[in-house]
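Grab a pencil and have the structure open beside you. Try each exercise before you read its solution.

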Amino acid sequence: MIITFPRKHPSRSCTSESKIQERSSPREDSGLFHKASITRLLACLVTALTVTAGLVVVHTPAASAADITTDLGITGGGDVVAGGGKAFIAGDDQLLVVNANGTRNAGVSGLSGIQSLAITPDGTRLYAALRGLNEVMELDTATLDTTREISLAEYPCPTNLALSGRWLWVGYGCDQWDGGVVGIDLSSGYRSRLIRVAATYASPKVAAAGNTLVVGDSGLSPASLRVYDVNTLRATLRGIIDGHDYHTGFLGDLAITPDGSTVIAAFPDSDEYFAWDTTSLQKVRAYGPDPDSGYYSPVVAVSADGTHVAAGRGTKSGLGVTLYDSATAAPVYTGTLTDHGGLMDLRSLTFSGNDLFALWRDLDSDHLYLWRLETGTLPESTLTLTAPSTGTGADILTLTGRLTLPDGSAPGEQSLSVTRHVDDSAGTTFGVTTAEDGTFTFKDRPGTAGVIRYDVVWNGSPTARWSAASATVTLVKAVSSITLSGPATGIAGTPLTFSGALSLGGQHPVRGAMVKVLRKVTNSKGTVITALPSVPASSRDGSFRFTDTPAEAGEYSYVVEWPGGPSSLPTTATFDLTVEEAPQE
């Protein structure tokens with residue numbers, strides 16, 4: 001039997017997840033729950049996650065000291081992907097970026113209704129579904145610049161993304177009976193070719209790898225999965241995994257192995273995560289079961305090498321995530337987060353190497369949090385960082401450190417990410433490369449006084465866990481000075497040229513520094529002070545130069561002022577001379 005929902009008025013201008021209309025379902029007497037209420041009821045229905053496989057029981061320990069959970073300061077959104085040593089989070093009409101250790105890095109705002117994300121295997125390109133703009137945006141992950149905007153005006157409300165090779169698959173739909181899947185051929189340049197694949201009841205979940213595309217309608221119960229063959233021209237239906245045969249209920253999440261051979265689906269009312277062979281369309285295994293699953297929305301992800309499946313959901317006492325061997329379904333790691341104190345709903349899950357990023361919502365405050373889980377499957381590397389303890393805001397700081405692999409061998413050239421924070425503000429990030437022996441040195445000029453913290457992160461490798469190190473420098477404002485020289489005397493009507501140099505605690509100023517110039521004239525008429533145009537101080541050596549033509553005789557004083565800035569104190573310099581009347585002819 002297919003359960004459908006009462007018709008609602010379509011809403012095609014949703015700008016964030018919190019504004020997307022929920023669908024409802026008449027399930028009063030069946031023991032099921034109204035879909036719009038599931039999220040609010042999740043944390044009241046089950047106990048802590050315990051995963052069993054055969055006779056093996058894995059108890060869920062508290063999160064380790066290495067695990068990190070961070071309040072993202074947003075309330076809308078819900079997708080997270082990782083690549084290139086970073087994690088990208090969609091929420092509140094903005095894209096957030098964090099480093100491998102979970103610390104906030106940068107972001108992009110003004111992305112109306114940002115929903116699902118997809119990232120290329122090399123981590124260089126990110127795709128974001130913008131439900132509010134009816135488009136998909138492509139971004140360069142290094143610069144966060146927009147490289148392409150793909151209009152989906154004919155396929156409104158893009159919500160779910162899946163990337164495989166040249167094809168980006170988009171599950172779209174604003175309301176009931178208007179969902180579907182469209183494929184974007186990314187190889188066809190800026191004017192990307194679109195092919196429509198399927199029509200669905202609601203905006204469907206999509207998963208793709210190799211030449212396989214799987215589509216699951218998230219608005220129907222039992223949920224069936226459609227499997228497609230993909231070539232360079234079209235997607236052809238391979239077959240259907242019928243939800244009636246497996247009593248699947250509503251679809252919660254969908255993932256696929258990197259070779260496209262197996263699809264894993266999660267269902268809120270199931271205590272297992274089911275896996276089907278995408279060729280035979282037969283169920284091959286189940287991950288779990290989780291006897292306390294209740295009606296919590298589950299999430300599932302597959303590692304980049306296909307060796308592990310991660311699955312989790314919120315529970316009454318917190319969050320639970322289990323890492324399984326993908327081939328045997330044996331649990332190899334279980335982590336829980338129970339010390340937050342609120343009701344928590346797990347929203348999405350992604351691999352970062354062998355570790356995991358999970359996005360979850362505090363149902364009491366509606367805040368979204370990022371949870372980074374270390375799965376314990378890799379030996380630990382070590383990163384050190386040394387910095388001067390004090391200095392001035394104008395100083396060029398030299399920092400040194402070393403990356404050491406678990407076995408003590410030389411790591412070779414490795415890329416590190418350095419983030420500078422000023423008084424705990426949002427950071428500025430740049431890259432550093434180690435020498436062959438793992439040592440590294442970099443110079444930085446913060447350009448401001450304050451407490452400066454440097455966070456250095458190595459993103460790890462297939463054989464060693466990521467590591468991080470921090471160092472703090474306390475900087476005060478530098479004492480500034482100005483030298484000023486010019487002619488000893490002058491003649492009215494004849495240009496005078498002055499030169500000087502600005503020094504900020506022995507350092508040259510930053511590019512764009514300007515000094516103010518005042519001219520004071522005293523004669524029989526009185527005293528007149530005039531502001532002359534400001535002049536730039538060279539960022540190479542602090543030098544500056546200006547010219548003035550006195551109009552009359554008198555005692556002249558030229559005052560050059562540096563007003564100070566974030567890194568230095570103010571200072572002035574004065575040059576006096578006498579200007580005489582021009583000789584009579």
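Two short exercises follow, each with a worked solution.

This is a predicted model, where local features need pLDDT of at least 70, side-chain atom pairs count only at pLDDT 80 or more, and totals for chains, interfaces and linings use all residues. Residues are numbered from 1 along each chain as its sequence is written, and side-chain values use heavy atoms, leaving out hydrogens and water.

**Exercise 1.** Work out how strand β12 is covered and how β12 pairs with β13.

*Step 1.* Find β12 at residues 158-164; strands here are DSSP runs (E, at least two residues), numbered from the N terminus.
*Step 2.* Check the cover: seven of the seven residues of β12 are buried, meaning under 20% relative accessible area with a 1.4 Å probe, protein chains only.
*Step 3.* Look across to β13 (residues 167-172): six bridges join the two strands, which run antiparallel. Strands pair if DSSP finds at least two bridges between them.
*Step 4.* Spot Ala-162 opposite Trp-169 in β13.
*Step 5.* Follow the turn: β12 and β13 make a hairpin with two residues in between, and Gly-165 there has a positive phi of about 60 degrees.

**Exercise 2.** Classify the aromatic pair of Phe-430 and Phe-442.

*Step 1.* Recall the rule: rings of Phe, Tyr and Trp (its six-membered ring) pair if their centres lie within 6.5 Å; planes under 30 degrees apart are stacked, over 60 edge-to-face, the rest tilted. That gives 16 aromatic pairs.
*Step 2.* For Phe-430 and Phe-442, the centres are 5.8 Å apart and the planes at 70 degrees, an edge-to-face pair.
*Step 3.* Place them: Phe-430 lies in β35 and Phe-442 in β36, so the pair ties together parts 12 residues apart in sequence.

Methods
Buried < 20%, exposed > 50% of the residue type's maximum accessible area, 1.4 Å probe, protein only. Helix = DSSP H or I, 4+ residues; strand = E, 2+ residues; numbered from the N terminus.
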